[in-house]
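Colleague: I am new to this structure and should be grateful for a close look at a single part of it. Please begin with the terms that are required, and then relate that part to its surroundings.

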Amino acid sequence: MATKILLVEDEEKLARFVELELRHEGYEVDKAFDGRTGLDMAEGGGYDLLLLDIMLPGLNGIEVLRRLRRASQMPVIMLTARDAVMDKVTGLDMGADDYVTKPFSIEELLARIRAALRKQTAQKKEENVLSCGDLTVDVSRHRVSRGGREIELTGKEFALLQVFLENKTIVLTRDQLLEKVWGYEYMGETNVVDVYVRYLRGKMDDPFDKKLLCTVRGVGYVLRDDA
Ligand code: CA
């Protein structure tokens with residue numbers, strides 16, 4: 001799946017140029033031209049990285065970053081004006097991963113994007129974070145969020161979701177799920193899988209437009225983000 005980058009930049013000419021270069025590199029790109037729209041889109045989730053200008057109409061970049069960091073750890077690279085040392089310091093204090101100073105060369109920007117994405121991947125691996133689209137599960141901390149919103153799951157719901165995430169895009173039968181989550185010795189109702197899938201959907205799919213947990217008729221269920 002292509003890496004998705006959100007670019008929040010009010011200089012439309014610069015934004016278009018960066019967008020074209022990023023697409024050329026194989027990234028998917030969405031643009032926002034003001035801080036508030038950018039924040040909404042970033043919080044909507046589904047992005048792998050945010051390129052964030054500081055001087056923006058609506059909310060400025062620092063404020064966007066401050067609000068975004070309440071719920072999201074997505075990599076953020078700030079785009080700063082040449083002499084704005086304070087902005088850089090504030091941005092890094094607020095949790096930006098990196099910054100590039102305007103005017104920047106596209107090669108420098110691309111290198112910083114690659115570095116930030118690499119860091120993120122390594123961190124996720126280390127922290128045992130699983131994700132599917134905008135759904136993120138921190139296995140070690142037992143925390144689930146989607147689009148920046150925390151989701152409370154019971155132990156069994158969490159175990160079921162974890163199995164789906166570890167088998168992303170693979171269709172799992174009811175028997176497989178029963179075995180993985182409830183164990184071989186489970187002697188209760190056989191429709192327990194469907195019941196728990198319904199509970200799970202009620203929390204991680206129903207409140208959202210895009211559905212991740214899909215029914216494969218006559219077979220079972222699959223978690224995927226391209227449905
Ligand atoms: Ca600007």
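Modeller: A residue is called buried when its relative accessible area is under 20%, exposed when it is over 50%, and partly exposed in between, as found with a 1.4 Å probe on protein chains only. The model is a predicted one, in which local features require pLDDT of at least 70 and side-chain atom pairs pLDDT 80 or more, whereas totals for chains, interfaces and linings use all residues. Residues are numbered from 1 along each chain as its sequence is written, and side-chain values rest on heavy atoms, with hydrogens and water left out.

The part I have chosen is the calcium site. Three protein donors serve the calcium ion, namely Asp10 (OD), Asp53 (OD) and Met55 (O), at 2.1 to 2.3 Å from it. Donors here are N, O and S atoms within 2.8 Å of the metal, or 3.2 Å for Na, K and Ca; water is not among the atoms, so sites may look incomplete. Along the sequence the donor residues follow the spacing D-x42-D-x1-M. Asp53 is buried, at a relative accessible area of 3%, whereas Met55, at 61%, is exposed.

The strands in this region come next. Strands (E, at least two residues) and helices (H or I, at least four) are DSSP runs numbered from the N terminus. Strand E3 covers residues 49–53 and pairs in the parallel sense with E1 over 4 bridges; two strands count as paired if DSSP finds at least two bridges between them. Leu52 in E3 is the residue opposite Val8. Strand E1 (residues 4–8) has 4 of its 5 residues buried, so the rest of the structure largely encloses it. E1 is also joined by 5 bridges to strand E2 (residues 28–32), and these two run parallel. Within that pairing, Val29 of E2 is the bridge partner of Ile5. Helix H1 (residues 12–24) completes a right-handed β-α-β unit with E1 and E2; right-handed means that, with the strands pointing away from the viewer, the path from the first strand over the helix to the second runs clockwise.

Elsewhere in the chain, 4 strands form an open antiparallel sheet in the order E6-E7-E8-E9. Strands E6 (129–132) and E9 (149–151) are at its edges, each with a single partner strand, so one side of each has no neighbour in the sheet. From one strand to the next, the twist averages 25°, with axes fitted as lines to C-alpha atoms and angles running from 0 to 180 degrees between N-to-C directions. E7 (residues 135–138) and E8 (residues 143–146) pair over 4 bridges, and Asp138 stands opposite Arg143 in E8.

A further aspartate, Asp194, is located in helix H8 (residues 192–204). Asp194 counts as buried at 18% relative accessibility.

As for the whole, the protein chain has 8 helices and 12 strands. Its C-alpha trace spans about 70 × 30 × 30 Å along the principal axes, and 44% of its 227 residues count as buried.
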